[in-house]
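User: Could you teach me how to read the features of this fold, one at a time?

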Amino acid sequence: MVRSDVRPFKIAISERNLETLHKKLALATFPEEVDFSDIDKYGASRSEIKRLAEYWENGFDWRAQEAELNKLPQFTTTVTVDGFGDLDIHFIHQRASREDSIPLLFSHGWPGSFLEVVKILPRLTNPKDGPSFHVVAPSLPNYGFSDKVTGEGFSVSQYAQAIHKVMLNLGYNKYVTQGGDWGFFITRSVAAQFPDHCLASHVNMQMIHPSVATAGWFGLYKLLGWFTKQETDGLSRLGWYLKEGSGYFAEQSTKPLTMGYSLADSPVGLLAWIYEKLKDWTDEYPWTDDEILTWVSIYQFSKAGPAASAQIYYEARHAKNADAKKSMAYIPVPLGISSFPRDISPIPLSFCKTLGPVVFQKRHEEGGHFAAYEKPELLVHDVQTMFGCGGGAYDIAERLRATVKNNS
C-alpha cells in the first residue's frame, strides 16, 4: 500500500538562483596559466574548466535541461531516521509495464546523483526481453533535492535506513538493490540491516576490507603468477587511485567543512572538483558540455547546498559502529558483481567471495566508475542475467514477482 505522503515533484530552480550563479561565474578568478596548466596529472585542465565555465555562464540552458529532467516521474516522501527525525527524500519512481515486475532500489554515490539512473530506466522498466523492474532511484540525503542532515553522525547505516523506508512508503516490502560508489556501501548496509526486505543485491564496484590475511593472499597470488592480465591491470588501476587519485577522499573524510566553503561559494571550484572525477573515472566516455554542466548543476542547485554531499565521507570514516567496514564484510544476502576496468577499485573477483554468496559475476573489458550512465546496456544485461531464467537469483525474482502481483 502506497502511503499518502508520496507527493509528485518537479524541479523548479528560482530565477534568483540562476542570476546568482551567472554573477559568480562572471566574476570568477582562474589560476594563472603555467606550462602544466593542461596536464591531467596535475588536476582539472585550466583551459577546459575556463571554457566550461564560460559556457555555463553564457550558453548553457538550464531551463531546457530542467524541462527534460521533469519528464521523469519524480516524487518526494517523508521518512523518519532513528536519532535524526523526519527527512523529505526526493526520488524517481518508474513502474514497469508489467505489474509483476521486480522492485529495484538504485543508489547513487559521489559525485553522482539520481541522474545516473536515466539511461538504464527504460531498459529495466520496458525491456525487449528478460525480466523487468519497478525502479526507485532516490536522491540520497544531502544530495540533489532531498533534505539536508543537520546533525552529526549520519553515516552509511542511516543512509541505508532512509532509502529502505522510501521503499516501504511505496509499498515495496520486498525488493532488490543496485549500487556503485557510496551506493555499494549503502545498498549492502540495506541488505545487512533489512535482510527480510532486501532479498538480493547487485553492485558495480568492489571493495573488500583490507587485512593481514587478505594482503597475504594477494602476495601469494602475485608470487605464483595466478592473477590474469586483466586482474593485474585492475590492481594497477587501484594502485593509481590510492596514490594519485584519492586526495579528495582524504580531505572530505577529515575536514569536509573546510572544503565545503569552496564548494558552496565557487561554482568554478565545484565544477573543477567534479569534472576531474568525471574525466578520470570513466573509460574515455565522450562527455558533452551539456551533460557535464547538468551533472554539476544538480550539485549547484542542491536543496542541501553543494557542500553537504561531502559529509558522508567524514561520518563513514568516524562512525562508532564502523558501518562502512561492515559493508565490506560477509553479508548473507545473494550478491551479483559487475566489474569495469576503469573503475577505481577493480579488484580480482575471486576475492569478492568474502562479501557474501556470489550468484553472479562479470568482468567487463570496457567501462568505468559510472557504469549505469557510461555503459547502461552492459549493466542492464548483467542485472537481467542475474535475475533472469537460469540466473543465480532467478528463484528470488520469482518470489518477488509473486509478492508484487499479490499486492497490486
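Analyst: Happily; we will go through the sheet, the helices on it, a helix pair and one loop residue.
This is a predicted model, where local features need pLDDT of at least 70, side-chain atom pairs count only at pLDDT 80 or more, and totals for chains, interfaces and linings use all residues. Residues are numbered from 1 along each chain as its sequence is written, and side-chain values use heavy atoms, with hydrogens and water left out.

User: What is the order of the strands in the open sheet?

Analyst: In general, strands of a sheet pair through backbone hydrogen bonds, either parallel or antiparallel. Two strands count as paired if DSSP finds at least two bridges between them. Helices (H or I, at least four residues) and strands (E, at least two) are DSSP runs, numbered from the N terminus. Here the open sheet has 9 strands in the order 1-2-3-5-4-6-7-8-9, and the pairing is mixed. Strand 1 (7–8) and strand 9 (358–363) each have a single partner strand, so one side of each has no neighbour in the sheet.

User: In which sense does strand 6 pair with strand 4 and with strand 7?

Analyst: Strand 6 pairs with strand 4 in the parallel sense over 4 bridges, and Leu 105 has Thr 177 of strand 6 as its bridge partner. With strand 7, strand 6 also pairs in the parallel sense, over 5 bridges; there Val 176 is matched by Ala 200 in strand 7. Further along, strand 7 (residues 198–203) and strand 8 (residues 335–339) are parallel over 3 bridges, with Gly 336 in strand 8 as the bridge partner of His 202.

User: Is strand 6 buried or exposed?

Analyst: Buried means under 20% relative accessible area, exposed over 50%, and partly exposed in between (1.4 Å probe, protein chains only). In strand 6, 5 of the 5 residues are buried, so the strand is largely enclosed by the rest of the structure. Tyr 175, Thr 177 and Gly 179 point one way, and Val 176 and Gln 178 the other way.

User: Which strands does helix 5 lie across?

Analyst: Axes are lines fitted to C-alpha atoms, for helices over the stretch in contact, and angles run from 0 to 180 degrees between N-to-C directions. Helix 5 (residues 156–169) lies across strand 2, strand 3, strand 4, strand 5 and strand 6, at about 120° to strand 2. Of its 14 residues, 12 are buried, including Tyr 159 and Met 167. Just after helix 5, Gly 171 takes a positive phi of about 90°.

User: How do helix 9 and helix 10 pack?

Analyst: Two packed helices are described by the angle between their axes and the distance between the axes. Helix 9 and helix 10 pack at about 110°, with axes 6 Å apart. That makes helix 9 roughly perpendicular to helix 10, a label for angles of 65 to 115 degrees. At this contact (heavy atoms within 4.5 Å), Glu 251, Gln 252 and Thr 254 of helix 9 meet Pro 256, Thr 258 and Met 259 of helix 10.

User: Where is His 364, and what is it in contact with beyond its neighbours within four places in sequence?

Analyst: His 364 sits in the loop between strand 9 and helix 15 (371–374). At 7% relative accessibility, His 364 counts as buried. Leaving aside neighbours within four places in sequence, its contacts are Gln 230, Ser 338, Ser 339, Phe 340, Pro 341, Leu 378 and Asp 382.

Terms used
Parallel < 35°, antiparallel > 145°, perpendicular 65-115°, else oblique.
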